[in-house]
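Please work through the exercises below with the sequence and the 3D structure open beside you. Each task is followed by a solution that goes step by step.

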Amino acid sequence: MKIHRIDHVGVIVNDLAAAKEFFLDFGLEVQGEWEMEGDLMDRMSGLNDVKVACVGLGKPDGQAWIELIKFYSPSDEKESQQPLANTPGIRHIAFAVEDIEALVAKLKKKGTEIFSEIQQYEDSYKLCYCRGPEGIILELAEKIK
């Protein structure tokens, strides 16, 4: 048995259009859009009467794939939680970026919550955390050359 790579990260969202727009503006590209429902989806998810819409976003080189998923049914009646960086569970998606200063300035201009200023980690990375749509935490990391 051998694991080749992480294939994708699935992110459940309530506003699929807004999340898609954010990640397109962030620099990812739509790799596919689809809807799923029926017995197979019910069995895969362990839920009943499932109907979802999905958008797959990534880079042309296939290195970063995010699957945004909107559940039309069954719906989760709870509102989105705004987790902190230390909340247990999968907490952030890290992106290797170029020109972190320009990207952070662009995100600030668009009203994205930046909850840490750009920090330098030793002589290897510049790092910054921000909050994307629906509380998704993004870590931006620029390798210092």
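**Exercise 1. Decide whether Glu67 is buried or exposed, and list what Glu67 touches.**

Solution. Glu67 has a relative accessible area of 14%, and because buried means under 20% relative accessible area, exposed over 50% and partly exposed in between (1.4 Å probe, protein chains only), Glu67 is buried. The model is predicted, so local features need pLDDT of at least 70 and side-chain atom pairs count only at pLDDT 80 or more, while totals for chains, interfaces and linings use all residues. Residues are numbered from 1 along each chain as its sequence is written, and side-chain values use heavy atoms, with hydrogens and water left out. The next step is to place Glu67 in strand β4, where helices (H or I, at least four residues) and strands (E, at least two) are DSSP runs numbered from the N terminus. Leaving aside residues up to four places away in sequence, Glu67 touches His8, Val9, Gly10, Val11, Trp34, Val55 and Gly56, a contact being heavy atoms within 4.5 Å.

**Exercise 2. Find which residues of helix α1 are buried, and what they pack against.**

Solution. Helix α1 covers residues 16–26, and its buried residues are Leu16, Ala19, Phe22, Phe23 and Phe26. They lie on the same side of α1, because they cover an arc of only 130 degrees around the axis, the arc being that of the directions from the helix axis to the C-beta atoms. The buried residues of α1 pack against β3 (51–58), β4, β5, α3 (100–109) and β9 (137–143). On the face turned away from the buried side, α1 carries the exposed residues Ala17 and Glu21. Leu24, also placed in helix α1, is partly exposed with a relative accessible area of 36%, and Leu24 touches Glu29, Val30 and Leu57 when residues up to four places away in sequence are not counted. After α1 comes Gly27, whose phi is positive, near 125 degrees.

**Exercise 3. Trace the salt bridges of Lys20 and of Asp25.**

Solution. A salt bridge is a side-chain nitrogen of Lys or Arg within 4 Å of a carboxyl oxygen of Asp or Glu, and by this rule the count comes to six salt bridges. One of them joins Lys20 to Glu33, with the closest N and O atoms 3.0 Å apart. Lys20 lies in helix α1 and Glu33 in strand β2 (residues 29–37), so this pair ties together parts that are 13 residues apart in sequence. Asp25 meets Lys106 in another salt bridge (3.8 Å, N to O). Because Lys106 lies in helix α3 and Asp25 in helix α1, the pair ties together parts that are 81 residues apart in sequence. Asp25 also forms a salt bridge with Lys110 (3.6 Å, N to O). Lys110 lies in the loop between α3 and β6 (113–114) and Asp25 in helix α1, so that pair ties together parts that are 85 residues apart in sequence. Sharing partners in this way, the salt bridges join Asp25, Lys106 and Lys110 into one network.

**Exercise 4. Describe where Lys145 is found, and how accessible Lys145 is.**

Solution. Lys145 is found in the segment after β9, and at 95% relative accessibility Lys145 counts as exposed. The C-alpha atoms of Lys145 and Tyr125, which are 20 residues apart along the chain, are separated by 8.8 Å.
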